[in-house]
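This report describes one protein chain, going from a single residue to the chain as a whole. The sequence and the structure come first.

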Amino acid sequence: MNCQEVRTVMDGYLDEELGPIHNREIEGHLQGCALCSNAYHAQQALQAAIRSSTLYVKSPVALQERIRSSLRQGRNHGFTLTTMPWRWAGIAASLTAVAVLTWHLGLPLQGPTADDRLIREVTADHVRSLMVAHLVDVSSSDRHVVKPWFMGKLDFAPSVVDLTDQGFPLIGGRLDYLDDRAVAAVVYKRRDHVINLFIWPITHASSEADKPVTFQGYHHLHWSHSGMSFWAVSDLNTLELQEFVRLLQTQLSR
């Protein structure tokens, strides 16, 4: 399987909906493709983050079984949507009842916005980098080592700034996957706190630009500069993270 084919069925693979043959093909591809492997782990972490958030609402077990039972009976008797409208009408009524109940409980039914999904992705990638001992691909405090390392691995040249003298030492960089593309992750520290700075070309305007955001205990600051989108994320307190971004922006504007 090639990268496009793997990306197309990635959701099904994550949800264990594919057969053993497809699974083996995907697993073989992931072992040999770093970008698809990063994308898989990012989606895996994002899925876990969504399921642990208040926006995730699991359907009742009885409703799940009723739908499965209807589908099984339909397949056994050769029925389709057009030949068994009464059965699907019942399912639709059940789903409507769940929707009304959810609305009355005050839980939003609309899906997350593009900005919400991106914040979750950024958070998931940050957490994953701390959990799987894959914080950096190139370990160095020298920006003249880290910046050239990205050459040939990305279709853009990320900015790498040394802020060691200001108390935010550079510790390296790595490739990551966000917003459906390969991105640069430049990694800094502040005492024991890790700061992931994600960089990639601007793909769309964000309504959250320049507004501090906190999600699942992690603070995010997003801004754009010279056609690039920057996301700084850390469990560092907001004031110090804002100071990091201010110093970085000053260096980038020179």
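## A buried phenylalanine

Phe 230 has a relative accessible area of 1%, so it counts as buried, the cut-off being under 20%. The model is a predicted one. Phe 230 belongs to strand β7, which spans residues 228–234.

Leaving aside residues up to four places away in sequence, Phe 230 touches Leu 197, Phe 198, Ile 199, Leu 221, His 222, Trp 223, His 225 and Leu 252. Among these partners, Leu 221, His 222, Trp 223 and His 225 fall within the range of strand β6, residues 218–225. Phe 230 and Ser 159 are separated by 71 residues in sequence, and their C-alpha atoms lie 10.0 Å apart.

## Two loop residues with positive phi

Most residues other than glycine have a negative phi. Two residues on either side of strand β6 depart from this pattern.

Gln 216 has a phi near 50 degrees, a positive value in a residue that is not glycine. Its place is the loop between β5 (213–215) and β6 (218–225). Gln 216 counts as partly exposed because its relative accessibility is 38%, between the limits of 20% and 50%.

Ser 226, also not a glycine, has a positive phi of about 50 degrees. Ser 226 sits in the loop that connects β6 with β7. With a relative accessibility of 65%, Ser 226 counts as exposed, since the limit for that class is over 50%.

## A negative patch

Where on the surface is a negative patch formed, and by which residues? Asp 11, Asp 15, Glu 16 and Glu 17 make up this patch. One of them, Asp 15, is located in the loop between α2 (10–14) and α3 (20–32). Asp 15 has a relative accessibility of 35% and therefore counts as partly exposed.

## The chain as a whole

The protein chain contains nine helices and seven strands. It has 254 residues, and 40% of them count as buried; Phe 230 is one of the buried residues.

Of the contacts in the chain with a separation of 6 or more, 60% are between residues 24 or more positions apart. The accessible surface of the protein chain is about 14100 Å², and carbon and sulfur atoms account for 55% of this area.

Definitions and conventions
Residues numbered from 1 in each chain as written. Predicted model: local features only at pLDDT ≥ 70, side-chain atom pairs only at ≥ 80, totals over all residues. Heavy atoms only, no water. Helix = DSSP H or I, 4+ residues; strand = E, 2+ residues; numbered from the N terminus. Buried < 20%, exposed > 50% of the residue type's maximum accessible area, 1.4 Å probe, protein only. Contact = heavy atoms within 4.5 Å. Areas by Shrake-Rupley, 256 points an atom, 1.4 Å probe, with all protein chains shown as cover. Patch = residues over 30% accessible without salt bridge, like charges linked within 9 Å, V, L, I, M, F, W, Y side chains within 5 Å. Salt bridge = Lys/Arg side-chain N within 4 Å of Asp/Glu carboxyl O. Lys, Arg positive; Asp, Glu negative; His and termini not counted. Charge placed at Lys NZ, Arg CZ, Asp CG, Glu CD.
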